[in-house]
Structures are given as structure tokens and as C-alpha cells.
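Here are some exercises on how the parts of a two-chain protein model meet. Try each task with the structure open before you read its solution.

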Amino acid sequence: MKRRTLAALAALALSAASLPALAQTTPPKTLKVVAHADLKILDPTFTTAYISRNFGHMVYDTLFAQDATGKPQPQMVEKYTTSKDGKQWSFTLRPGLKFSDGAAVTSADAVASLQRWAARDSLGRAMTGVGAEWKATDARTLTLTLNEPFGMVLDALAKPSGFPPVILPERIAKLPAASPLTEVVGSGPFIFKRDEWVPGNKTVFVRNPNYVARSEPPSGLAGSKKTTLDRVEWLYLPDANSAVSALKRGEVDYIEQLAPDYIAPLRTDSNIKIGSGGAYQGFLVMNQLHAPFDNPKVRQALLQAVNQERFVAAMGFPLDMRMAYCATYFICGSPNDTSAGAEPFRKADVAKAKKMLADAGYKGEKVVLMVPSDVPYLNAEALMAAQTMKSIGLNVDAQTMDWASIGARRAKRDAPDAGGWNIYVTVAGEFDVNSPISNAYLGAACGNTLPGWPCDKKLDELRTAWLKETVPAKRKELLDAFQTRAYEAVPYINAGQYSAAFAARASLKGLDKMWAGMPTVWVLDK
Amino acid sequence: MGYIVRRFLSTLPVMAVVAVVVFLLIHLSPGDPAALIAGDLATTEDIDKLRAALGLNLPLWQQFGLWIGKIFTGDLGTSIFTQVPVTQLLGQRLEPTVSIAALTMLITLVTAVPLGTLAAYFAGTWIDRLVMLFAVLAFSVPVFLIGYLLVYTFAVQLPWFPVQGYVNFSEGPGAWLRALVLPCVNLALVYIALVTRMTRATVLEVLHEDYIRTARAKGLGVLPVLGHALRNAAIPIATTIGAGIALLIGGVVVTETVFAIPGVGRLVIDSVQRHDYPVIQSVLLLSAGVYVLINLLIDLSYRLFDPRIQY
């Protein structure tokens, strides 16, 4: 009896002793994400690549952030003031903000970061153009002085994409801007694990213990980014079939951008949830230095022939994820959605386009179309472009090459028969398209250096006027006037709008809180 | 010994030619890493600045000199994109590729040589036809298709193996092996087909030799006779296997892609796609070195199988 009692007590003691051990061995809560691309550049203020932008939002924070309705909200900022004339701004940082290395975030860090950002970003440059001067007045306060009012100060500081103004430590922000930054120290929700980074395969993040969350619930990129996830792994699985199999099997939790061909089959799987991954528009970018697209009437003729729905259908997007027609240059459904100037081009009309081309005096010049071979959806878009151009009688020379070659060739100003080009296709996400200023392809300042080289003085004047205007009603008028002029000058052609798709294990919690267009994975739980 | 030294020295000019050809091929092909890094919305001004920062605006001879100079000091350079040293990238990628190559060759050896020998011994019978049918199928069906079938069957429907990924040996031999089974079986099928056919052909030839007839006449059993035959058929088989290993090191791209294995093959493809010059140059130069070394080892191995060979 005694022996039994002793044994029972020993067993009890052993189990009690093992409890903390069990608690310690609880596996970390890891979210495995199939990223849309391989992370190469760790500096979101150096490249406009979306994967680097997403990386930036994982590890850095911004002074302001767009909420789910697109409005800028204070993020690292506690409070701010602006003078009546809109030329003086003051921002106070939230108390207690820390970088992942434990150092306090100061206004000097913010000033250095914003100066670095302003040298690169279109909005930053525009602010510099109106004399923007940043100063740290004390450890938590920074001021902005402008020579004239600027309608988009908060939008600029909350810019979510294409060079987001992330806040870095001053010592890093002041490094030469000629090369991408390699040291990653931010005050965002996660820490980048450099020792576990396998370029071309895996990027690992762990929860940032120094992250100081806002009290507001998450909304878009704004609000609290406090997460219950211990670890996030971005996996790069270049084979779509392997990614889908891994999701079905539960080896991964989330595919950031699902290949269109898999949308329909996965919808029948109750273990998988398909959601919107944000709006995108296809672009036909024309070289306006050389014939025939140096003639706006030829550009209008091609615009008249473009059947947007056919383009996005060819790219593989199902009916409910593509729009039949989108009139605006600024994303249908966005705050800047407008149909001004679009009426003559609303319905694709090949016969009318043929006549417009003849009236434009097209002389049968060869049109060099660069067709990407290595990006399936762009390849489909380019083939549709070739077919559309041929249908109205343009003499198309479709030249197939990889995207890297297109990237190099599109920067050349040479004549098309001397190594230059006439037209190529691309796509852009909503945050890089949704206003006259974020949409760089609408920058028509003569002498600019963006491939395509649109040059239209009136369009550029309207763009600047819209940028500076602070009264909402007047801004709307200027926006309409800008788009009306864009339909006359045709800086590029909108080839249709579609919604990218994500796929996730249905068991993931918080999927409904994710912001379309940006993988705000910190809201997820499993 | 003299032969080995001579052979080794003879590889140096080969490597020099490879270095020049690889450098020129990569740098003269269209495409600009700076344009890719800068992104879709970059201006030509931004791209030009970046090219200057990366040293890509220097004359080609100067870029070549800088690269070769670094190689002699053991520095393979730094990836233009990730700013990670090439040696570190290679270090991360070598283990998966070497693991795949080793396990694939092991599977090939233990399967193909007996199969080929069996087919040769029973030449013309249903056993021979069955083995040859398998060999033809395994060689003809594309690797990616077999890969998808393996994943669907043994990872999705029967969850025995993982769909994708690689587990380092240090994380446990069991998990390492489990992650490697499907990719290695996938890749081995091609080599099994190749080596089976080669073994069958050479063993069949040897089985008609006089000394085999003599051995049979003396009453030797099947296994000793096949042992005699195999030893004499070993040189072409070793050559095929050696060439296979060299091809494996550089050519497992499809398997690595289907199974998301971060090996050297995918490193090369990714680097070529984005024109990451330092990575492509170094990996190709190293691959050429491995190829040359394996050829040397195969040549040297001939003496093991045939002591009559003198160098």
C-alpha cells in the first residue's frame, strides 16, 4: 500500500514537474505565406517592387497610414496641427515608440527618413518642389514648413505603396542613397530574421517585442498592428501547382496571389477560402517619342479599339473578378473614380478605330511590341494587344523577350528599328494608380524620364493644380478636367481592371479583417 | 601520379576559357539588372544612377578584371540584388543539391544496375520487354509531369511525404529523408532509365564473349557469371553514371522548382532571370569546375575496373 502511494505521489510529482516543460515546448504560432514574388531588395524606399513594399510594412511603421476607407490616419503620430494657410505643420510622435533594437524612435529619425524618402518619391519630390523643410524641434516633435499650401501632405505621409515613407533610425536613413539599405531596423510589428533568410526560398519574421501598438482596432494599414503570430514565413514557391498542393495539404496557410487558373477549382474546396487581393489595372504603354505613337490621334485610335474585358479575360480572371469596363484612370471604386472624358471611348469599336487611324495619317510604320515570355499574365495581355493593334491595321512586330530585357529596352530612347521600342504592357496595383500623382504613368511633364515619355503641357498643369488644391470641391473639378485631358492626350491606355485573388486555409481567423490589396497578415490568427 | 597532375593542370586553360565565355555571354545578353531593381515606375535617371552605383557602367574589360581579381582572393562577389555574398548564397544552396544528387544516384545504382543486368540475362523474354517498357516510359514522360503525379498521389491523396520544401540534415535525418524521397524518386526515374538501358546493352555484349561461354561451360552459376560480366561492363556504366552526376549538379532545376527545393539549379535560374551577374558567373564557373573534376575522377576510376589500364 505504501509502495503504491509512493508511486502515485512520484507520478504526480513528475507530471507536475513536466507541466512547465510542456508549456515551454508549445510550438510557436507560425503563419506560412506563399509570397507573390521572391524578396530581393530589403529597402522599400529603393525599389517600387511590391514584395519590398510588403516587406517594409512588416518591419517598419509610418507616421500616418491609410485606413480601409483610404483615409490617412495618425499611426506613429500622436497628434498634429496645421496652420490656417496650410504652410506650417507640427507632428508629435507617440510616447514610448521603440525600434526593434530597443532604441527610442525620435523626431530626428523621422526627419532623416522623410528626407531620404522625399528624394525618391513622386509625392516627396512634389513637396520638395513647394519648399518642404523638415525639422526636429524636440525629441518627439517635428515640423514641416511649406512655401505654399499642398493638398496632399497627409496622403503623402500615409502613402501605402510605391516608396512608402517608412521611418528608419537616423544613422541608417543618412547612409548614401545610391545603393539599397541592407540593415533592417524598424518599429513595425515584426522583426526580419536575417540569419534565417534564404533568398529565393524563404524570408522569416518574428514578432517585434518592442512594437508599441495603437489602441484603435486595425483598419487597412492603420490602427493596431499587434499580432498573436509568433512567426511569419514567406515562402517563394515559383510553381503555382506546388503552391496550391501545399495549401490543400495544409503545409502553407495563405497564398498571396493565386494564379487565375486555380481560382475556379479551389472555390469548390471547403477547406480553402478565396478572397480579393486588391484591384489592378492593365496598361498599354506607348513610346511617344517615335511614330506612330508620337501622334495623339493614333493613340486615341488604339484606345478606341481596346476591349477591356477581353484583355482581362485573356489574362485568365473569372467573370466575377474582372470588370466589363472601367472608365477611370484611377481605379473604379476608389475615391478618385470618375468617368470624365471617357464617353467617346466607352464602347470598343474596331471600325471606328480603323477610320480614326486612317484620319490620323498612319503610314504603315512598323510597331515594335515587346512581349514578355516569362510572366504568363503579361504574356496574355501582350498577345491581346498584338491582336487588337492588328485588327485596326497597325503593322505589328511582336518581339518576345524576358521581362529583364523589356526592363532594359524600355529605358532606351532610340528609334524602334535601332534597338528601341513602340509599345509594351504592364499592370499596376490600386495604390499606384488611384490618383493623378500616385499614377506615375500620368506624369506628362515634357522632358520627364519615365519610359513612354508622354509630353502634354496642359495635362501636366492640371496635375500640378490638382496636387496643390486643398478645397475638396475644387479638387474634384480639377480631377475631372485632368482625366478629360488625359483621354485627349492618351498618356497610356487602360486595358482593363481586375481583382487579384488570395487563397487561404478557411480555418485561419481574421481573414475578413485583411485589407484588399495589401497582405496585412498581422490581423490573422490560427 | 604524373598523369593525375598533368590532367589536373590541363583543366586550368579550360576553366579560363569558361570564365571568359561565361562572362561575355552574360554581359552581352540583353537585360539590365539595374532596371529590374529600380522597379516598374523608375525613371531612366534613377536606373542610370543605380547602374553607376553597381559599377555596371564600367567598361566590360574592367568589370571582368575586377571579378577575376576577386576570384583569386577567394571572393566570389556579392549578389547585385540581395547584397548577400555569393559564397553565403552557395553555402545555403549546396546542401539541398548535393543531397538530391547523392540520394538520386544511390536510388539509381541500386535499381538500374540490377534491372539492366536482369534484362540482359533474360534478353528477348517478357522480363526484358517489361524492363525496357519501364525504361522507355521513365525516360519519355516529362520530369515535371511525373513530379506532379508523385505530389498528387503521395503527398496530397496519401499524405506520406511533404508537398514541398527541404529540411536540413542537421534538423534530423528522418525529416531530411522524408523531404527528399519524392524529388529524388522523381529525378531518379530518368537516370534509372538511362543507366538501365546502358547496363543492359553493355552486359548483353559481354555475355556473348568467349570467356563468359567458358565460365558457363565450367559450370559457374548465374550470379558468378553475371559478376564476371558486370565487372567487364563497368566502364561504360561508370561513364554514364559520372556524366549523370555532373548533369545532376547543374540540372535539377525542374525538380527543384516542382518541389520548391532551394538548390543550386534554382539559384542559377533565378539569377539568370534577373541578370544577377556575380551569382551566375560564380555558379557557372563552379559548375564547370565540378564537371571537369568528375570527368577526371571517372577517368581515374577506370583502372579500378580494369587493372590492365595504365596511365
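**Exercise 1. Describe the interface of domain 1 of chain A and domain 2 of chain A, beginning with its polar contacts.**

Step 1. In this predicted model, 6 residue pairs with both members at pLDDT 80 or more are in polar contact across the interface of domain 1 of chain A and domain 2 of chain A. On the side of domain 1 of chain A, helix H2 (50-59) and helix H4 (122-129) are the elements that give two or more residues. H4(A) gives the most, with 3 residues. By type, that side of domain 1 divides into 11 nonpolar, 7 polar and 2 charged residues.

Step 2. Now look for a salt bridge. The count between the two domains is 1. Glu148(A) pairs with Lys468(A), and their closest N and O atoms are 3.4 Å apart, which fits the salt-bridge cut-off of 4 Å.

Step 3. Place the domains in the chain. Domain 1 of chain A is made of two segments, 30-234 and 508-523, while domain 2 covers 279-500. Their C-alpha centres lie 31 Å apart.

Step 4. Finish with the area. About 1,300 Å² is buried between domain 1 and domain 2 of chain A, and carbon and sulfur atoms give 63% of this. In domain 1, the residues that lose the most area to domain 2 are Tyr50(A), Gly151(A) and Met152(A), which together make up 34% of what that side buries.

**Exercise 2. Which elements and residue types form the side of domain 1 of chain B that touches domain 2 of chain B?**

Step 1. Start from the bounds: domain 1 of chain B spans 1-73 and domain 2 spans 94-305. In contact are 20 residues of domain 1 and 16 residues of domain 2.

Step 2. The two domains of chain B bury about 1,600 Å² between them, 76% of it on carbon and sulfur atoms. Arg7(B), Met15(B) and Ile26(B) supply 30% of the area that domain 1 buries here, more than any other three residues.

Step 3. Check the polar side of the interface. The rule finds 0 salt bridges between these domains, and the count of polar contacts is 1 residue pair, both at pLDDT 80 or more.

Step 4. Now the elements: helices H1 (2-28), H2 (33-38) and H4 (60-72) of chain B each give two or more residues to this side of domain 1. The largest share, 12 residues, comes from H1(B). The side divides into 15 nonpolar, 4 polar and 1 charged.

**Exercise 3. Which residues form the salt bridge between chain B and chain A?**

Step 1. Get the extent of the contact: 45 residues of chain B meet 46 residues of chain A. The buried area is about 3,700 Å², with 56% from carbon and sulfur atoms.

Step 2. There is 1 salt bridge between the chains. The partners are Asp38(A) and Arg274(B), with 3.1 Å between their closest N and O atoms.

Step 3. Add the 12 residue pairs in polar contact, both members at pLDDT 80 or more. Among the helices of chain B that each supply at least two residues are H5 (86-121) and H7 (143-157), and H3(B) gives the largest share, 6 residues.

**Exercise 4. Where in chain A is confidence lowest?**

Step 1. The chain A average is a pLDDT of 91. Helix H1 (residues 2-24) of chain A has the lowest mean, 48.

Step 2. Over residues 9-23 of chain A, pLDDT stays under 50, and the model has 0 contacts there beyond four places in sequence. Coordinates predicted with low pLDDT should not be read in detail.

Methods: Residues numbered from 1 in each chain as written. Chains lettered and ligands numbered in written order. Predicted model: local features only at pLDDT ≥ 70, side-chain atom pairs only at ≥ 80, totals over all residues. Heavy atoms only, no water. pLDDT = per-residue confidence, 0-100. Helix = DSSP H or I, 4+ residues; strand = E, 2+ residues; numbered from the N terminus. Contact = heavy atoms within 4.5 Å. Domains from an automatic or database assignment. Buried area = accessible area lost by both parts, 1.4 Å probe. Salt bridge = Lys/Arg side-chain N within 4 Å of Asp/Glu carboxyl O. Polar contact = N/O pair within 3.5 Å; in protein donor to acceptor, adjacent residues only side chain to side chain. Nonpolar A, V, L, I, M, F, W, Y, C, P; charged D, E, K, R; others polar.
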